[in-house]
Structures are given as structure tokens and as C-alpha cells.
Amino acid sequence: ASTCEFVLAFKNGALPPLLAWPDGPHLGSVDVTLTAGTPDEVIRYTIDGTIPTYEPGIAVASGTSITLHDSVTLRAVAYAEGVSLSSMTVQHFTLQVQTPLFSPPGGFFPQAQTVPITTATSAADITYSLDGGITWLKYSAPISVSAAGMTTISARATRTNWADSDM
């Protein structure tokens, strides 16, 4: 598991939250656990680019797990009654588009085939190549493959602000 830890101790200040998540790649989503320095601290976090303080942000208890469904920068602070706001913990998470799937999955066929390509990642764009990756075409409909000879289809999927899929 990966962790992000940044600790600065201030007189009467809360400790910055700790973030923990499984090692990547993160296909489609990632679960992140937010942990405060003490049980009575509240954590506030944002994923919209704003800076969390006593008011802005989503308040959660220590030990809360959140699921991120997009590539985002998570910012978190902690505080408790009678102590000042902690310094901010910041971590960027980049999700990876899931690898395209073919149907049928490949093999030798006695007749022509129509091959749809899909990915489980919503809003992803798929491109494909029939010439070993020299030319890439935007996928919009199943590909017709004749029964004569051998055809290799390569595909990759992309989404803005995400890491490209494996091929």
C-alpha cells in the first residue's frame, strides 16, 4: 500500500491527516483512507481545487475511506476543538483507463467476423490500428474482418486527465 505522510507539529495544532491507498495502477477508481493524528480530530477534504479549512470541504471522521472516481488532487486538513488547523496534506491521484476488450477475444475463425471493442471506463475514447500501430483510427462501430488471411487489431483507450490504457 502507498502512503502520503507529511508531519509538522505546531504548538496546539492538529497533526496533518495521513492518506493511505493500495498500490496502483488504479483502474476506474481508487479507495483512499484518511486518518487523523488523534481520534477527536475532524478531517476536511476537497477534490475540486479549493483549499479545505474549518468550513470549506467535506467533513469526515478519522479512518474514513473515500472512493475517487476521477483523476483528482485530494487536499485534506485536520482540526479539533481547542487546537489550530493542521497543515495541509496534498496528493494527486491519476486513474488509468481500463484495457479495451474484443469480442470475440481472438483466435482462428472459418468465417468473417464483426469485432466490437469496449472498455469498462465510462467516457473513454477508443482508437484502433490494423497495421501494427502505424495508423490509429477512432473507434465508432464494430470492425468487419474478412475470413481471408490474418488480421491483428490493436486497441487503446484514453480519457482526459487519466493515464492511457494498456494495449
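## Surroundings of glutamine 113

Glutamine 113 makes contact with Pro104, Ile143, Ser144 and Val145, when residues up to four places away in sequence are left out of account. The model in which these contacts occur is a predicted one.

Glutamine 113 belongs to strand E10, which spans residues 113–115. A polar atom of the glutamine 113 side chain is 3.5 Å from the backbone oxygen of glutamine 111.

## Largest pocket

The largest pocket encloses about 440 Å³ of space. Its lining comprises 19 residues, and those closest to the centre are Gly106, Gly107, Phe109, Val145 and Thr151. Val145 is also one of the residues that glutamine 113 touches.

Divided by class, the lining of this pocket contains eleven nonpolar residues and eight polar ones, with no charged residues.

## Salt bridge

Side chains of opposite charge can pair when their charged atoms come close. In this model the count of salt bridges is one. The partners are aspartate 125 and lysine 138, whose closest N and O atoms lie 3.3 Å apart; a separation within 4 Å is required for such a pair.

Aspartate 125 is located in strand E12 (residues 125–129) and lysine 138 in strand E13 (residues 137–138), so the salt bridge ties together parts that are 13 residues apart in sequence.

The two partners fall into separate accessibility classes. Aspartate 125 has a relative accessibility of 40% and therefore counts as partly exposed, whereas lysine 138, at 59%, counts as exposed. The cut-off behind the latter assignment is over 50% relative accessible area.

How values were computed:
Residues are numbered from 1 along each chain as its sequence is written. This is a predicted model: local features need pLDDT of at least 70, side-chain atom pairs count only at pLDDT 80 or more; totals for chains, interfaces and linings use all residues. Side-chain values use heavy atoms; hydrogens and water are left out. A salt bridge is a side-chain nitrogen of Lys or Arg within 4 Å of a carboxyl oxygen of Asp or Glu. Helices (H or I, at least four residues) and strands (E, at least two) are DSSP runs, numbered from the N terminus. Buried means under 20% relative accessible area, exposed over 50%, partly exposed in between (1.4 Å probe, protein chains only). A polar contact is a pair of N or O atoms within 3.5 Å; within protein, one must be able to donate a hydrogen and the other to accept it, and residues adjacent in sequence count only if both atoms are side-chain atoms. Contact means heavy atoms within 4.5 Å. On a 1 Å grid over the protein atoms alone, a cavity is a set of points where a 1.4 Å probe fits but cannot get out, and a pocket is an open set with protein on both sides within 12 Å along at least five of seven lines; lining residues have an atom within 4 Å of a point. Grid points are joined across faces, edges and corners, and a volume is the space filled by probe spheres set on the points. Ala, Val, Leu, Ile, Met, Phe, Trp, Tyr, Cys and Pro count as nonpolar, Asp, Glu, Lys and Arg as charged, and the others, Gly among them, as polar.
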